[in-house]
Amino acid sequence: MTPADPLFWTALLKIIGVNIVLSGDNAVVIALAARSLKGRQQKLAIFWGSGAAIVLRILLTLFAVALLELSWLKLIGSVLLLWIGVKLLIPENDGDDIQASDNLMVAIRTILIADLVMSLDNVIAVAAAAGGHWGLLIIGLAISIPLVIFGATLLLKLMERWPVIITIGAGLLGFVAGEMGWEDKAIAGFTSQYPEAVKYVIAGIGAAFVVLLGRYLGGKALEKSAEAQVEHLGGHVHKEADKAPAGSNDSVR
């Protein structure tokens, strides 16, 4: 695959797209971990924490690309990527377990550990989108990392204003998962019987699966959250009624 090949640019756009969409949570982690620092220390924590996390992410991604060349691992990665896409559409209370710190080194360590734990989705998705092309992978990461660092906050605001961006991103992950699963060496004897176009049909089914299941589970999560809020308010009303003086509920005669 060369820059003259349209597939090169398609794969490059997929790498950039999945990396940016999946890095919103990482930006939130960085902001939360450094929120108690002041002035220059806050900037240093964001710079060094992000830098260290990016280096580790690149190393993990390169490692993942090598692993995905083994039989069956693309199929396993495909299933995992489908679930990651579905989770993207399920509301979560992000950042509740991220502690702020007024110490620079502690904040950097928090950013590094949290970002590393949360980067599994990025690593698998980017490695899958690269399709084993190392040069394409490096170019894609080199372009997307500055976009993530400088544009994540803006992207989060855009996602809040136009939630359809999240749905498109989740669908993209499902598309990549479908492609990756179809290309696994373990089923090459089966897939080689079919034309190349079938792979994109499977990829489209993967995208539809993620969006439909994600929206369904997301709706269920919102309903459950609403019910919990109603129960909480009801319990609060009962407590207030119990505290009221005896006879306060007597009717006026």
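## Salt bridges

The chain contains three salt bridges. This is a predicted model, and the three bridges are described here one by one.

In one of them, the side chains of K74 and E183 come together with a nitrogen-to-oxygen distance of 3.7 Å. K74 belongs to helix α4 and E183 to the loop between α8 and α9, so this bridge ties together parts of the chain that are 109 residues apart in sequence. K74 has a relative accessible area of 12%, so it is buried, because the cut-off for buried is under 20%. E183, at 34% relative accessibility, counts as partly exposed.

E183 also forms a salt bridge with K199, where the closest N and O atoms are 2.9 Å apart. This pair links distant parts of the chain, with K199 in helix α10 (residues 197-243) and E183 in the loop between α8 and α9, 16 residues apart. K199 is buried, with a relative accessible area of 8%. The side chain of K199 meets that of E196 in another salt bridge, at 3.0 Å from N to O. Through shared partners, the bridges join K74, E183, E196 and K199 into one network.

## Overall fold and confidence

The chain has ten helices and zero strands. Of its 253 residues, 37% are buried. The accessible surface comes to about 15,000 Å², and carbon and sulfur atoms account for 67% of that area.

Contacts often join residues that are distant in sequence: among those between residues at least 6 apart, 86% join residues at least 24 apart. A single example of a long separation in sequence is W9 and G140, which are 131 residues apart along the chain and 10.0 Å apart in space, C-alpha to C-alpha. W9 is located in helix α1 and, at 46% relative accessibility, counts as partly exposed.

The average pLDDT of the chain is 75, and 69% of the residues score at least 70. Among the elements, helix α2 (residues 24-33) has the lowest mean pLDDT, 62, while helix α9 (residues 188-191) has the highest, 91.

## Nonpolar cores

In soluble globular proteins, nonpolar side chains tend to be buried together. In this chain, the largest nonpolar core has 31 residues, and those with the most contacts inside it are I15, L81, V126, L136, L137, L173 and M180. Two or more residues of this core come from each of the helices α1 (6-22), α3, α4 (73-88), α6 (120-130), α7 (134-161) and α8 (164-182). Helix α6 gives the largest share, eight residues.

The surroundings of L81 give a closer view of this core. Leaving aside residues up to four places away in sequence, L81 touches I124, A125, A128, L173, V176, A177 and M180. A second, separate core has five residues, among them L37, A45, L104 and A107.

## A nonpolar patch on the surface

Nonpolar residues also occur on the outside of the model: F63, L67 and L70 form a surface patch with about 290 Å² of accessible area together. L67 is part of helix α3, which covers residues 39-67. With a relative accessibility of 34%, L67 counts as partly exposed, because that class lies between the limits of 20% and 50%. Helix α3 thus appears in two settings: L67 from this helix is in the surface patch, and the helix also gives two or more residues to the largest core.

Key:
Residues are numbered from 1 along each chain as its sequence is written. This is a predicted model: local features need pLDDT of at least 70, side-chain atom pairs count only at pLDDT 80 or more; totals for chains, interfaces and linings use all residues. Side-chain values use heavy atoms; hydrogens and water are left out. Patches are made of residues with over 30% relative accessible area and no salt bridge: like charges are joined within 9 Å, nonpolar side chains (Val, Leu, Ile, Met, Phe, Trp, Tyr) within 5 Å. Accessible areas come from the Shrake-Rupley method with a 1.4 Å probe; for residues, only the protein chains shown count as cover. A salt bridge is a side-chain nitrogen of Lys or Arg within 4 Å of a carboxyl oxygen of Asp or Glu. Helices (H or I, at least four residues) and strands (E, at least two) are DSSP runs, numbered from the N terminus. Buried means under 20% relative accessible area, exposed over 50%, partly exposed in between (1.4 Å probe, protein chains only). A nonpolar core is a set of buried Ala, Val, Leu, Ile, Met, Phe, Trp, Tyr and Cys residues joined through side-chain atoms within 4.5 Å. Contact means heavy atoms within 4.5 Å. pLDDT is the predictor's confidence in each residue, from 0 to 100.
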